[in-house]
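Me: I am new to reading protein models and would like to go through one slowly, with the reasoning spelled out at each step. Could we take it as a series of questions and replies?

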Amino acid sequence: MAIPNSQSMTVLGIESSCDDTSVALIKHKANIHPQVLSLIVLNQNHLHKQYGGIVPEIAARAHSDKLDYCTIEALRQANSKVHDIDLVSVTAGPGLIGGVLSGVAFAKGLSWGIGIPIVGVNHLAAHALSPGLTTECHFPYLCLLISGGHCQFLAVLSPKEYRRLGGTIDDAPGEAFDKTARHLGLPQPGGPSIEKLAKNGVSDRYHFPRPLTGREGCDLSFSGLKTAFLREVEKIHGTTGSVSEQQQADLCASFQKAVSDTLRIKSQTAITQFETQMKQKPTFFALTGGVAANHELRGSIEALCHDNGIKFYAPPLKYCTDNGAMIAWAGLQLFYLGQADGLELQARSRWPLDPNSRPLLGFGKKGAKA
């Protein structure tokens, strides 16, 4: 992405779409990778732990309480002043509306107070563009975005244009990991808990389905896999009265392998579909989103890309989960393309990246869910 002139830009990125309050400061000059000057992330696990999941009202209040602190700390760590900021970039959706509203309101106040532009960013676009924080990636490229609430194969055509090749028709992988962990009484978020136990498990001890892998297209489903896991746990309880540590490890390893195999098989389909629609083979495959932190999945997709002669890239773990750095970078790219929002910027609970694709999860008064 070329900068219109040689002047550097310092951008403050604000992320508050779910349960991580994050603020980052990045600096960018032409022909140089962006420099992340600071990155603050405060998770809310301790606030939601007793409820077994994220409580939107609690999350929104926590964001409102911590956004100013995170901003001050980000500036301090970057050895910068508030008037050093040239642009404010903020998640404007999709996400839990209370949290998104908190971030947007804070960003508007900051933008107005110091007289700088503001750019509203689609949270999903920020994930898809996050590889650009640390590597060179040329459009178009193929992206598998997997997180707690989303799972999509995307042809990333530009910072403003995306074509969805497929996605989940029910649960996202992160959601399936969370619910699966809950069945075993494991800590939330479920992904890291499942992965930790799976290291000591046998991945073919239990046979779980690889949903939709026999069907054409890139759409995915994880609801049935989650149900199959629950039934296996109930079967063990009915036989022995409890699930042993080794059985837990084997269950986790088998479930993780089923998710990984499913995504690998569908990724091969996505590569073929990308080539058909784009009239060219993808040269770059980006694995992004919080679930991209899973090492089993990374290894599986990386091997697939190697077999297909495609460059594989997954961002460092700190840029996989929700973070202000990716919001700052996405907002800056949009700003270079002429986007600048004013105080009329609206928070959105739903915001599909590809509005021309049929809704995967239905359509309501607020628009397509995904």
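What follows is a set of questions and replies about this predicted model, moving from the whole chain to single residues.

Me: How many helices and strands does the protein have?

Reply: The model is predicted, and its secondary structure can be listed as separate helical and extended runs along the chain. Counted in that way, the protein comes to eleven helices and twelve strands.

Me: What radius of gyration does the protein have, and why is that value informative?

Reply: The C-alpha atoms fill a box of roughly 65 × 50 × 40 Å along the principal axes. A compact globule with 370 residues would have a radius of gyration near 21 Å, so this expected value gives something to set beside the model. The protein agrees with the expectation, having a radius of gyration of 21 Å.

Me: What percentage of the residues is buried?

Reply: A residue counts as buried when its relative accessible area is under 20%. Applied to the 370 residues of the protein, this cut-off gives a buried share of 55%.

Me: Of the contacts between residues at least 6 apart in sequence, what percentage joins residues at least 24 apart?

Reply: One pair separated by many places in sequence is Cys143 and Tyr313, which are 170 residues apart along the chain, while their C-alpha atoms are separated by 9.5 Å. For the protein as a whole, among contacts between residues at least 6 apart, the share that joins residues at least 24 apart is 72%.

Me: How far apart are the centres of the positive and negative side chains?

Reply: The surface that the protein exposes is about 16,100 Å², and carbon and sulfur atoms supply 51% of it. As for charge, there are 35 positive and 32 negative side chains. The centres of these two sets lie apart by 2 Å.

Me: What is the end-to-end distance of helix H8, and why is it reasonable?

Reply: Helix H8 covers residues 245-278, which makes 34 residues, and at 1.5 Å a residue these should span 50 Å. The C-alpha atoms at its two ends agree with that expectation, because their separation is 48 Å.

Me: Is Glu245, in helix H8, buried or exposed?

Reply: Glu245 has its place in helix H8, and its C-alpha lies 27 Å from that of Ala172, with the two positions 73 residues apart in sequence. The relative accessible area of Glu245 is 71%. Since the cut-off for an exposed residue is over 50%, Glu245 is exposed.

Me: Which residue just after H8 takes a positive phi?

Reply: Most residues other than glycine have a negative phi. The residue in question lies in the loop between H8 and strand S9, and although it is not a glycine, its phi is about 60 degrees. With 71% relative accessibility it counts as exposed, and its name is Lys279.

Me: What is the phi of Asn79?

Reply: Asn79 lies in the loop between helix H2 and S4, and it is exposed, with a relative accessible area of 74%. Its phi is positive in a residue other than glycine, near 55 degrees.

Me: Which residue is joined to Phe139 by a cis peptide bond?

Reply: Most peptide bonds are trans. One cis bond joins Gly93 and Pro94, with omega about -15 degrees, and Pro94 sits in the loop between strand S4 and helix H3. Another has omega of about -5 degrees and leads into the loop residue between helix H4 and S6, so that the partner of Phe139 is Pro140.

Me: Is Cys143 buried or exposed?

Reply: Cys143 is in strand S6, and beyond its neighbours up to four places away it touches several residues, including Ala128, Phe153, Leu154 and Ala286. Its relative accessible area is 0%. Because buried means under 20%, Cys143 is buried.

Me: How many of the 13 residues of H11 are buried?

Reply: Helix H11 covers residues 324-336 and reaches 18 Å from its first C-alpha to its last, close to the 18 Å expected. Its buried residues include Gly324, Trp329, Leu332 and Tyr336. The helix is largely enclosed by the rest of the structure, because the number of its residues that are buried is twelve.

Methods:
Residues numbered from 1 in each chain as written. Predicted model: local features only at pLDDT ≥ 70, side-chain atom pairs only at ≥ 80, totals over all residues. Heavy atoms only, no water. Helix = DSSP H or I, 4+ residues; strand = E, 2+ residues; numbered from the N terminus. Expected span 1.5 Å × (residues − 1). Rg over C-alpha atoms; globule rule 2.2 N^0.38 Å. Buried < 20%, exposed > 50% of the residue type's maximum accessible area, 1.4 Å probe, protein only. Contact = heavy atoms within 4.5 Å. Areas by Shrake-Rupley, 256 points an atom, 1.4 Å probe, with all protein chains shown as cover. Lys, Arg positive; Asp, Glu negative; His and termini not counted. Charge placed at Lys NZ, Arg CZ, Asp CG, Glu CD.
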